[in-house]
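Reader: Hey, got a minute to go through this one with me? I'd like to start with how the helices pack and then move on to whatever catches our eye.

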Amino acid sequence: MKLYEETIQGVSEKLLRREVSSVEVTRSVLERIGSLNERLNAFITVTEETALEQAREADRRIARGDVPGPLCGIPLAIKDVLSTRGIRTTCGSRMLADFVPVFDATVIARLRAAGAVFVGKTNMDEFAMGSSTETSFTGPCRNPFDLSRVCGGSSGGSACAVAADLCVAAIGSDTGGSIRQPASYCGVVGLKPTYGRVSRFGLVAYASSLDQVGPITKDVKDCALLLQAIAGYDPQDSTSVDREVPNYAALLDGEVRGIRIGVPREYFVGGLEPDVERCIRKAIGIWEASGAALVEVSLPHTEYAVPVYYLIAPAEASSNLARYDGVKYGYRAKGPFRNLADMVRRTRSEGFGSEVKRRIMLGTYALSSGYYDAYYRKAQQVRTLIRRDFEGAFQSCDVIVAPAAPTTAFRIGEKIGDPLQMYLSDVFTVSANLAGLPGISVPCGTSAEGLPVGVQVLGRIFDEGTVLRVAYALECRDPQARKRPAIG
Amino acid sequence: MKLSREDVQHVAMLARIELTPEEEDLYAEQLGSILEFFDRLKGVDTTRVEPTSHVLEIVNVLREDERRESYPPAEILRNAPDPSASFFRVPKILD
């Protein structure tokens, strides 16, 4: 096994036994990036020097027995949506192509304190708006299982980097499925925490009532370890919640006996790719055979989730992205200008890509006078009904199982010209964001063409523990479900 | 359904975005079909349903109003498109 193929636990054990150094592991990962990134386009920025410096520091800490935790010396990839002090943070946008933050996001500060090594900033849909990582100003990120296909999005670069061993683990963000869907398309594990579990301070805002930062990893145990490092209250984020963080890894016992798994009737009614359905059904069968109880549940407002999401998220985005005006940081169009307003308009028109402009327009429309009640307020009301659906379902079950996406990875260019079709591919993921619930995607097989399929496990608010436990039980019983891409 | 060109221009004005005539056509078409799909929400009975703006109860977080260190202006201005001494320079505001 090559060093770059290792998991967090694998590297951590080797580091503690002094079998390898963090510098050796980091070099192995950086070489892998060097040989594959041109083809995959998983990274926007590779931070070789920073990484080796951090790795040397981690090795010094290990040598003097000052190991803060399992992330010490581990090469991680960071979605380019998180502010990294002194490291360019582009958000996949021309608007921020040269932006170098003066501060670290809380998640980044926590990872630095944990001794992690940052190998680079990963590719993403511009401002996290997209389901395919095709809208990045640096061009699409490619799926390591089939370079003609998308890796999902918006955290596509992070999922791709984990799948192709361009890092040991990665950080993504999820507003409507942006961790879970690319994890599914790339055959890795991705978890969106409960809204409020992880600080959003320093996460470039897309839709503030939906955004969460979370881990993308090679297996479920790693997912627990990485979540542990980033979860917890942050006084700098007023929406983060001051609530004890359990020891997630300690909950992973491989058991699901007595757990009630809800199977929503509305999620299995057609529109699912047959291979996806087959893999999901197989996973459900494994859980049942392991002692979990299957319960049929109903989420009657499922068909409204996509419209509700695509009104609320763009509305919030249209407000959040008003800050890009060419004054304090970011892109500014070339003058001369007639006046300030002319500068702002031209800057935004040139700095934003087509999908970002589309969502700003959609959100502005939904918030504008005469349409606010019909669209925005109506969407917020139906959001309440979607939340209630889940509250009702969780009366009779402990977790809910769902596909992560209706299909396997589609082809680059296949949906980019038809935004509505792209939006509809988010049908199984947006509800968890609207209701604030934690959700994981874990590999559960491959299609006939060899493309990965992920099964989603959703849990109650703040019950990441059960979500991880159920996912881990599946991984233990079906270790072959995760395939590695043949790329190399 | 297609949005009118006037609607698109009005929304673009509100959003401080300048669109080319081709973009106006494209967005009129695309936003129109997206909104048409969203019209299915109109069939949902939301009488007496409170809107959700946030899933968790949000409370004000207050702290003492103490003097704290801020970022050095020079560091902040390094990201500015047109810095001048300790200011951000912009085109004239009034015609």
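**Helix packing and beyond**

Author: Sure. In this predicted model, helix α9 (residues 305–320) of chain A packs against helix α11 (residues 354–367) of chain A at an angle of about 100°, and their axes are 7 Å apart.

Reader: So how are α9(A) and α11(A) oriented to each other, in words?

Author: Angles of 65 to 115 degrees count as roughly perpendicular, and α9(A) and α11(A) are therefore roughly perpendicular to each other.

Reader: Which residues make the contact?

Author: From α9(A) you have Leu311(A), Pro314(A), Ala315(A), Ala317(A) and Ser318(A). From α11(A) come Arg359(A), Ile360(A), Leu362(A), Gly363(A), Thr364(A), Ala366(A) and Leu367(A). By class, that contact has eight nonpolar, three polar and one charged.

Reader: And α7(A) with α15(A), what angle do they pack at?

Author: Helix α7 (residues 220–230) of chain A and helix α15 (residues 464–477) of chain A meet at about 160°, with axes 9 Å apart. Anything over 145 counts as roughly antiparallel, so that is what α7(A) and α15(A) are to each other.

Reader: Who touches whom there, and how many are charged?

Author: On the α7(A) side there are Val220(A), Lys221(A), Cys223(A), Ala224(A) and Leu227(A). They meet Glu464(A), Leu468(A), Ala471(A), Tyr472(A) and Glu475(A) of α15(A). The contact of α7(A) with α15(A) splits into seven nonpolar, no polar and three charged residues.

Reader: OK, switching to the core. How many residues are in the largest nonpolar one?

Author: The largest nonpolar core has 176 residues, and Leu76(A) and Cys167(A) have the most contacts inside it. Our friend α9(A) gives the most to this core, with 10 residues.

Reader: What does Cys167(A) touch?

Author: Skipping residues up to four places away in sequence, Cys167(A) touches Val29(A), Pro75(A), Leu76(A), Ala77(A), Val119(A), Ala161(A) and Val162(A). Note that Leu76(A) is on that list.

Reader: Let's look at Leu82(A). Where is it, and is it buried or exposed?

Author: Leu82(A) is found in the loop between β2 (75–79) and α4 (106–113) of chain A. It takes 20 or more other C-beta atoms within 10 Å to count as buried, and Leu82(A) has 26, so Leu82(A) is buried.

Reader: Which contacts does Leu82(A) make outside its own stretch of sequence?

Author: Leaving aside neighbours within four places, Leu82(A) is in contact with Ala105(A), Val107(A), Ile108(A), Ile171(A), Gly202(A), Leu203(A) and Val213(A). As for Ser173(A), it is 91 residues from Leu82(A) along the chain, with 8.8 Å between the two C-alpha atoms.

Reader: And what about Ile44(A), buried or exposed?

Author: Ile44(A) sits in strand β1 (residues 43–46) of chain A. It counts as buried because it has 24 C-beta neighbours inside 10 Å. Apart from residues up to four places away, Ile44(A) touches Asp80(A), Thr90(A), Gly92(A), Lys121(A), Thr122(A), Asn123(A) and Thr138(A).

Reader: How many Å apart are Ile44(A) and Leu3(A) in space?

Author: Those two are 23 Å apart, C-alpha to C-alpha, with their positions 41 residues apart in sequence.

Reader: Zooming out, what's chain A made of?

Author: Chain A has 15 helices and 13 strands. Its radius of gyration is 21 Å, close to the 23 Å that the globule rule gives for 488 residues, so chain A is as compact as a globular protein of that length. Buried residues make up 62% of chain A. Of the chain A contacts between residues at least 6 apart in sequence, 77% join residues at least 24 apart.

Reader: And what pattern does chain B follow?

Author: Chain B reads α-α-α-β-β along the sequence. With a radius of gyration of 23 Å, well over the 12 Å from the globule rule for 95 residues, chain B is more spread out than a compact globule. In chain B, 17% of the residues count as buried.

Reader: Last topic: how many residues does each chain put into the contact between them?

Author: Chain B puts in 41 residues and chain A 50 residues. On the chain B side, α1 (5–14), α2 (21–38) and α3 (73–77) each supply at least two residues, and α2(B) gives the most, with seven. The side of chain B that touches chain A has 26 nonpolar, seven polar and eight charged residues.

Conventions
Residues numbered from 1 in each chain as written. Chains lettered and ligands numbered in written order. Predicted model: local features only at pLDDT ≥ 70, side-chain atom pairs only at ≥ 80, totals over all residues. Contact = placed C-beta atoms within 7 Å. Helix = DSSP H or I, 4+ residues; strand = E, 2+ residues; numbered from the N terminus. Nonpolar A, V, L, I, M, F, W, Y, C, P; charged D, E, K, R; others polar. Rg over C-alpha atoms; globule rule 2.2 N^0.38 Å. Buried ≥ 20, exposed ≤ 12 C-beta atoms within 10 Å, placed from the backbone. Axes fitted to C-alpha atoms, helices over the stretch in contact; angles between N-to-C directions. Parallel < 35°, antiparallel > 145°, perpendicular 65-115°, else oblique. Core = buried A, V, L, I, M, F, W, Y, C linked by C-beta atoms within 7 Å.
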